[in-house]
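Biologist: Hey, I'm new to this one. Could you pull it up and walk me through it?

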Amino acid sequence: MIDVLVVGAGPAGAVAAQVLAERGARVLVVDRARFPRHKLCGDALNPGAVALLRRIGVADAIERDALRIEGMRLTGRGVSICARYPASCYGLSITRRDLDTRLVEAAARAGARIQEGVVVRGPLVETREGRPTVRGVVLAIAGGKPLRVAAPLTIAADGRRSALAVSLGLTHHPKRPRRWAIGGYFEGVDGLEALGEMHVRRDHYLGVAPVPGGLANACVVTADRRGFADPARRLVETVQRDALLGPRFARARLVTAPTTLGPLAVDGGAAGTKGLLLAGDAAGFVDPMTGDGLRLAFASALLAAETALEALDGQRDAAHERLTVRRQAMLANKLRFNRAVRALVASPWGVRMGEYSAVLAPRLFEHLILFAGDVP
Ligand SMILES: Cc1cc2nc3c(=O)[nH]c(=O)nc-3n(C[C@H](O)[C@H](O)[C@H](O)COP(=O)(O)OP(=O)(O)OC[C@H]3O[C@@H](n4cnc5c(N)ncnc54)[C@H](O)[C@@H]3O)c2cc1C
């Protein structure tokens, strides 16, 4: 018997599962991956994300595998702004391989059952009077018939391309912006500090962060997919041709096969449907530029878990509508800010305006960086 089926054991799914299991719910988590596994990400937890991890009691375990991040550096042509976090808080950098594994372990310790290597094909839907109710999921079985798994309540935390949210029409990739990412790890990068770095250029931006083991994570995000057939070359050329980063990457060596991802943006509205709640990127994803995807994943997972617990307590009707309202109240301002940032960096004109404004009003940009970092 299960009370809640969680699809996806990434940050959102693992946190939702941990909280539900700690409160006595019988939770089954399925993920197509086997942990530990790599995931393309900038690997930076902002101070707001660290605060949420502390709230659920896993921050110490995660910090053991992480580096402290004391602020963010933002650069454009002719401008470089460094915003330090207040002394009371810090961010962390940790590979997603380690972060996600620690979170899955915490969920399992709390009592959630984790099944890895299980691919969900779509929702198990019952339609009455034209209205769908999700009754569980359909699993893909290699070489066999799809398997139905029934559950009173399902949480979709299966990321940007959610098999559940997309097939129910709850989310979709917008026509614009369409951007892709390439990311990989380098050794021998000069000038790394305990800072996350965001380098905004006219037709792309680059995130750089130190990660444990003396490596640097570098990700490029762009709408221009030329050279994506050879992502290693494209990534190395982009960092080495950059006027600011080139000298720092001159003797650097890419030590992992880079991964690509895209299109990145996913739009959504409702946070679920009857029998289904959405958490993390499965509910929508604006853009990696603001570096707060993990904070949003944790925050939305906590909201989904709280709503699921109420549903188990008897308030089953309209649970998804309550979750939509809560997300709106808690996350809408930040998501609006993220969309504004995304729109600004989407055009060379916007980037130029941003550069001029940063030269004229650096303090304003420091405040914006701290707002992006969800400094508690
Ligand atoms: C280039 C880039 C850089 C980023 N950098 C940062 C950063 O530095 N800091 C930050 O805070 N955020 C960053 N983000 C955002 C962050 O990576 C996401 O917001 C975060 O991963 C969302 O977590 P999630 O649990 O919702 O989804 P995911 O991390 O995508 O996890 C989803 C899980 O579901 C599983 N799954 C998917 N489909 C199925 C299926 N059909 N059946 C079973 N299991 C399935 C997957 O295996 C995965 O484990 C970045 C994003 C990108 C693209």
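Biologist: In the hairpin of β10 and β11, which residue takes a positive phi?
Modeller: That's Gly 143, with phi near 70°. Before we go on, keep in mind that this is a predicted model. The hairpin has six residues between its two strands.

Biologist: How many bridges join β10 to β11?
Modeller: Four, and the two strands run antiparallel. If you want a spot to click on, Gly 136 stands opposite Ala 150 in β11.

Biologist: And which strands make up the open sheet that β10 sits in?
Modeller: Three of them, in the order β9-β10-β11, with antiparallel pairing. β9 and β11 (147-150) are at the edges with a single partner strand each, so one side of each has no neighbour in the sheet. On average, neighbouring strands here are turned by 40° against each other, if you ignore direction.

Biologist: OK, what about β9 and β10, how many bridges do they pair over?
Modeller: Nine, in the antiparallel sense, with β10 covering residues 131-140. Two of the facing pairs are easy to find: Leu 124 is opposite Gly 136 in β10, and Pro 123 is opposite Val 137 in β10.

Biologist: What's in the turn between those two strands?
Modeller: β9 and β10 form a hairpin with two residues between them. Glu 129 is in that turn, and its phi is positive, about 50°.

Biologist: Let's switch to β5 and β6. How do they pair?
Modeller: They're antiparallel too, over six bridges, with β5 at residues 71-76 and β6 at residues 79-84. Gly 71 stands opposite Arg 84 in β6.

Biologist: Which residue in their turn has a positive phi?
Modeller: Gly 78, at about 75°. That hairpin has two residues between its strands.

Biologist: There's another open sheet, with β7 in it. What's the strand order there?
Modeller: It goes β3-β7-β4, three strands with antiparallel pairing. β3 (44-45) and β4 (67-69) are the edge strands, each with a single partner, so one side of each is left without a neighbour in the sheet.

Biologist: How many bridges join β3 to β7?
Modeller: Two, and β7 is residues 91-93. Look for Leu 45, which sits opposite Leu 92 in β7.

Biologist: Now the ligand. Which residues come nearest?
Modeller: There are 40 residues around the ligand, and the nearest are Gly 10, Gly 42, Gly 159, Gly 280 and Gly 293. Several elements give two or more residues to that shell, among them α1 (11-22), β2 (27-31) and β17 (215-222).

Biologist: Which element gives the largest share?
Modeller: α8, with four residues. That helix runs over 293-312.

Biologist: What's the mix of residue classes around the ligand?
Modeller: The shell has 23 nonpolar, nine polar and eight charged residues.

Biologist: And why would you say the ligand lies between domain 1 and domain 2?
Modeller: Because both domains give residues to the shell around the ligand. Domain 1 is 4-43 + 95-173 + 266-343, while domain 2 is 71-90 + 180-261 + 346-376.

Biologist: Back to α1 for a sec. At what angle does α1 pack with α4?
Modeller: About 20°, with the axes 8 Å apart, and α4 is residues 96-110. The cut-off for roughly parallel is under 35 degrees, so α1 counts as roughly parallel to α4.

Biologist: Is their crossing left-handed or right-handed?
Modeller: The crossing of α1 and α4 is left-handed.

Biologist: Last topic, odd backbone spots. Where is there a cis peptide bond?
Modeller: One joins Phe 35 and Pro 36, with omega about 0°. Pro 36 is in the loop between β2 and β3. Another cis bond joins Gly 262 and Pro 263, where omega is about -5°. Pro 263 lies in the loop between β19 (259-261) and β20 (267-268).

Biologist: What's the phi of Asp 43?
Modeller: Near 70°, which is a positive value in a residue other than glycine. Asp 43 is placed in the loop between β2 and β3, and that loop is where Pro 36 sits as well.

Technical notes: Residues are numbered from 1 along each chain as its sequence is written. This is a predicted model: local features need pLDDT of at least 70, side-chain atom pairs count only at pLDDT 80 or more; totals for chains, interfaces and linings use all residues. Two strands pair if DSSP finds at least two bridges between them. A residue is near a molecule or strand if its C-beta atom, placed from the backbone, lies within 6 Å of it. Ala, Val, Leu, Ile, Met, Phe, Trp, Tyr, Cys and Pro count as nonpolar, Asp, Glu, Lys and Arg as charged, and the others, Gly among them, as polar. Domain bounds come from an automatic or database domain assignment. Axes are lines fitted to C-alpha atoms, for helices over the stretch in contact, and angles run from 0 to 180 degrees between N-to-C directions. Angles under 35 degrees count as roughly parallel, over 145 as roughly antiparallel, 65 to 115 as roughly perpendicular and the rest as oblique. A crossing is left-handed if the near helix is turned anticlockwise from the far one by less than a right angle, and right-handed if clockwise.
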